[in-house]
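Please work through the exercises below with the sequence and the coordinates open beside you. Each task is followed by a solution that proceeds in steps.

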Amino acid sequence: MTEPTRREQILATAADLFAARGFHGVSVADLGAACGISGPALYKHFASKQAVLAEMLTSISERLLEVGRERVAAGAGDPSAALRGLVDWHVEFALGHRPLIIVQDRDWESLPEDAREQVRRLQRRYVDLWADQLRALRPDLDKARAHAAAQAAFGLLNSTPRAGHAIPDAALRDLLASMALGALGVPVAEPQQA
């Protein structure tokens, strides 16, 4: 595994700080200090604190969509397999990036309008990816219902910052995945024959 770049370190540190204290509760000096640099040195990497937030939320939306497309392709035309792959990916992401989920939920309004529109566009594509697989699996779903079902699954899977403090992540992973698959109407995978 490669070492994270300074920009990636700043983004990860900012996600933790913004999640703990809110976007407006963190100054550039606070962020710089947490990264081991002066506040003004942060401007070598980002034009502003808002630029940090914009890249943080845009990059996670791009990553969700990119890996989501890979999981659908790996499903090889089987919508059940594709949806299992999507659920597995989203659970993995949600467990590994709890601070980003908090920041997305709480600090959305602090995004500059152009970044907000870019994130919305990426998120719509991600929802479409899920909805297309749902409609292939369940022809009874119209587009609006498939989108609503995908959004409801995201709500469940994105509960990781508030759920699971009493159980280990592995158990929470299994619980969330089985609940999401059940809610989406995805059949349980058949056991592999030896």
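The exercises go from the whole chain to single residues, and they concern a predicted model.

**Exercise 1. Describe the overall architecture of the protein, its extent and its surface.**

Step 1. Begin with the secondary structure: the protein has 8 helices and 0 strands, and the order of elements from the N terminus is accordingly given as α-α-α-α-α-α-α-α.

Step 2. Turn next to the extent, where a box along the principal axes that holds the C-alpha atoms has dimensions of roughly 60 × 35 × 30 Å.

Step 3. For the packing, note that 44% of the 194 residues count as buried, and that, of the contacts between residues at least 6 apart in sequence, 69% link residues at least 24 apart.

Step 4. The exposed area comes to about 10300 Å², of which carbon and sulfur atoms supply 55%. As for charge, the mean positions of the 22 positive and the 24 negative charges lie 3 Å apart.

**Exercise 2. Determine how the regions annotated by UniProt appear in the model, and characterise A34.**

Step 1. According to an unreviewed UniProt entry, the feature "domain: HTH tetR-type" covers residues 4-64; over this stretch the chain is 66% helix and 0% strand, with 19 Å between the end C-alpha atoms.

Step 2. The unreviewed entry also places a "DNA-binding region" at residues 27-46, a stretch that is 40% helix and 0% strand and whose end C-alpha atoms are 14 Å apart.

Step 3. A34 belongs to helix α2, which spans residues 28-35. Because its relative accessible area is 43%, A34 is classed as partly exposed, a class that lies between the limits of 20% and 50%.

Step 4. When neighbours within four places in sequence are left aside, A34 is in contact with T13 and L17. The C-alpha atoms of A34 and L17 are separated by 8.5 Å, although the two residues are 17 residues apart along the chain.

**Exercise 3. Establish whether H90 is buried or exposed, and find what joins its side chain to N158.**

Step 1. H90 is located in helix α4, residues 79-96.

Step 2. The relative accessibility of H90 is 3%, so H90 counts as buried, the cut-off for that class being under 20%.

Step 3. With neighbours within four places in sequence set aside, the contacts of H90 are L64, Y126, W130, F154, L157 and N158.

Step 4. Of these residues, N158 is linked to H90 through a polar contact of 2.8 Å between the two side chains.

**Exercise 4. Identify the buried residues of helix α5, and trace the surroundings of R98.**

Step 1. The buried residues of α5 are R98, L100, I101, V103, Q104 and D107; they pack against α1 (6-21), α3 (49-74), α4, α6 (113-137) and α8 (169-184).

Step 2. R98 itself lies in helix α5, which is made up of residues 98-107, and its side chain reaches the backbone oxygen of L95 at 3.4 Å.

Step 3. Once neighbours within four places in sequence are excluded, R98 is in contact with T160, P161, A163, D169 and L172.

Step 4. Finally, compare a separation along the chain with one in space: R98 and E109 are 11 residues apart in sequence, and their C-alpha atoms are 19 Å apart.

How values were computed:
Residues numbered from 1 in each chain as written. Predicted model: local features only at pLDDT ≥ 70, side-chain atom pairs only at ≥ 80, totals over all residues. Heavy atoms only, no water. Helix = DSSP H or I, 4+ residues; strand = E, 2+ residues; numbered from the N terminus. Buried < 20%, exposed > 50% of the residue type's maximum accessible area, 1.4 Å probe, protein only. Contact = heavy atoms within 4.5 Å. Areas by Shrake-Rupley, 256 points an atom, 1.4 Å probe, with all protein chains shown as cover. Lys, Arg positive; Asp, Glu negative; His and termini not counted. Charge placed at Lys NZ, Arg CZ, Asp CG, Glu CD. Polar contact = N/O pair within 3.5 Å; in protein donor to acceptor, adjacent residues only side chain to side chain. UniProt positions renumbered as here; feature names shortened; annotations may be inferred.
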